[in-house]
Amino acid sequence: MWGLVPLFWPLLKPAGAVEILAHRMVWSLLFVGVALLALRRWGWVSELVRSPRKLGLITLAAAVITVNWGLYIWSVNTGHVVEASLGYFINPLVTIALGVLVLKERLRPAQWAAVGVGFSAVLVLAVGYGRPPWISLTLAFSFAVYGLVKKKVNLGGLESLAAETAVQFLPALGYLVWLGTRGTLAFGSHGAGHTALLAATGLVTAAPLVCFGAAAIRVPLSTLGLLQYLAPTFQFLLGVVYFHEEMPPERWAGFSLVWLALTLLTWDALRTARKNRAAVEAAVAAARTEAGRAETAPAEAGRAETAPVEAAPAPTAPAAGHAGGEAGAAPVSAPSAPPGR
């Protein structure tokens, strides 16, 4: 979804980047509010209000994602789609660094190799621009910090987005009202279709962020970072094929390195998945074998204890009478004592 979103923002012109950003905030809160109302999931609100630490983290998340959203919209609508995609190529590297340094996560050797190739790709792409890629770096660091904060807050996708957009809502609404008083508000001024598209920013914003928020609390941050190479790949292709942005050889070389990194990651993921499945199957088989032994052990013990009873009648002749009966009774009563205790 994030890979295809550059196709959407140009449809909102002539609205400016800041107005589009304000609409994202306002309509996203309305969208997730309706979803939470339908699902009747409001219990988290009271818990969040009673936690100043979580409120602070939510405010920080809202601040960094505001920077990320606004800069990305401006980049796409001013012809910097390829540079914006470079930001999301860099982002997984920053996310992985945060995962290793802050959360003490560990990478497998193949993952380290993929990260090294990806870092080389970023360098080659940056050289292709001939200047520090400030758009790319800002997008990368803002979204990496956002992912880390989401990990710390540990709220569900819908709940987290609702809390963040609640922080953004009043400033965004105030800005839209201010534009309206000046007569420069694009909303409602360019036909019903344009108005509907501006309102759809809530859905376009919420759907991928809900998925991201749900993933951030379920998978390691390093894995989350590596998977994020997919979105800039689509964005990069759109910038080249659809928006026809300039592509010197250095950028093509960097893009090839990115695909090499993705190939390494895919191979490592498939190999690890096979190993994990084999380990789980072996553990399940061992557990079943152990359970079977535990079930059969009492029966075997019972057969061992009753073995003398079967042998006892042999010395008892039919003419033994009462004496024979008493002699046979002793072995019978002995095995029955342990269960009674």
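## Salt bridges

The side chains of glutamate 47 and lysine 54 pair up in a salt bridge, with N and O 4.0 Å apart. Keep in mind that this is a predicted model. Glutamate 47 is partly exposed, at 46% relative accessible area. Lysine 54 comes out at 19%, and it counts as buried because the cut-off for buried is under 20%. Why can such side chains get together? Side chains of opposite charge can pair when their charged atoms come close.

The structure holds five salt bridges in total. Another one of them links aspartate 268 with arginine 108, and here the closest N and O atoms are 2.7 Å apart. Aspartate 268 sits in helix α12 (residues 249-311), while arginine 108 is in the loop between α4 (81-101) and α5 (109-129), so this pair ties together parts that are 160 residues apart in sequence. Are the two partners buried or exposed? Aspartate 268 is buried, with 1% relative accessibility, whereas arginine 108 is partly exposed, at 33%.

## A buried pair and a small network

Now look at glutamate 164 and lysine 150, whose side chains meet in a salt bridge of 3.3 Å, N to O. Glutamate 164 belongs to helix α7 (residues 157-182) and lysine 150 to helix α6 (residues 134-153), so the pair ties together parts that are 14 residues apart in sequence. Glutamate 164 is buried, with a relative accessible area of 1%, and lysine 150 is buried too, with 5%. Salt bridges can also share partners: Arg108, Asp268 and Arg271 are joined into one network that way.

What about helix α6 itself, where lysine 150 lies? Helix α6 has 20 residues and reaches 28 Å from its first C-alpha to its last, close to the 28 Å expected at 1.5 Å a residue. Right after α6 comes asparagine 154, which has a positive phi, near 60 degrees.

## Helix α11 and glutamine 235

Helix α11 covers residues 230-242, and you can check its length in the same spirit. With 13 residues at 1.5 Å a residue, α11 should span 18 Å, and its end C-alpha atoms are indeed 18 Å apart, which agrees. Many residues in α11 can be picked out as buried: Ala231, Pro232, Thr233, Gln235, Phe236, Leu238, Gly239 and Val240. α11 is followed by histidine 244, and the phi of histidine 244 is positive, near 55 degrees.

Let's zoom in on glutamine 235, which has its place in α11. Glutamine 235 counts as buried because its relative accessibility is 2%. Which residues does glutamine 235 contact, once its neighbours within four places in sequence are left aside? They are Trp2, Gly3, Pro6, Tyr72, Val81, Ala84, Ser85 and Tyr88.

## Where α3 meets α4

Two packed helices are described by the angle between their axes and the distance between the axes. For helix α3 (residues 52-77) and α4, the axes come within 8 Å and cross at roughly 145 degrees. The crossing of α3 with α4 is left-handed.

Which residues make this contact? From α3 there are Asn68, Tyr72, Ser75 and Val76, and from α4 there are Val81, Ala84 and Tyr88. Sorted by type, the residues of this contact are five nonpolar, two polar and no charged. Some of these names may ring a bell: glutamine 235 is in contact with residues including Tyr72, Val81, Ala84 and Tyr88.

Methods: Residues are numbered from 1 along each chain as its sequence is written. This is a predicted model: local features need pLDDT of at least 70, side-chain atom pairs count only at pLDDT 80 or more; totals for chains, interfaces and linings use all residues. Side-chain values use heavy atoms; hydrogens and water are left out. Helices (H or I, at least four residues) and strands (E, at least two) are DSSP runs, numbered from the N terminus. The expected span of a helix is 1.5 Å times one less than its number of residues. Buried means under 20% relative accessible area, exposed over 50%, partly exposed in between (1.4 Å probe, protein chains only). Contact means heavy atoms within 4.5 Å. Axes are lines fitted to C-alpha atoms, for helices over the stretch in contact, and angles run from 0 to 180 degrees between N-to-C directions. A crossing is left-handed if the near helix is turned anticlockwise from the far one by less than a right angle, and right-handed if clockwise. Ala, Val, Leu, Ile, Met, Phe, Trp, Tyr, Cys and Pro count as nonpolar, Asp, Glu, Lys and Arg as charged, and the others, Gly among them, as polar.
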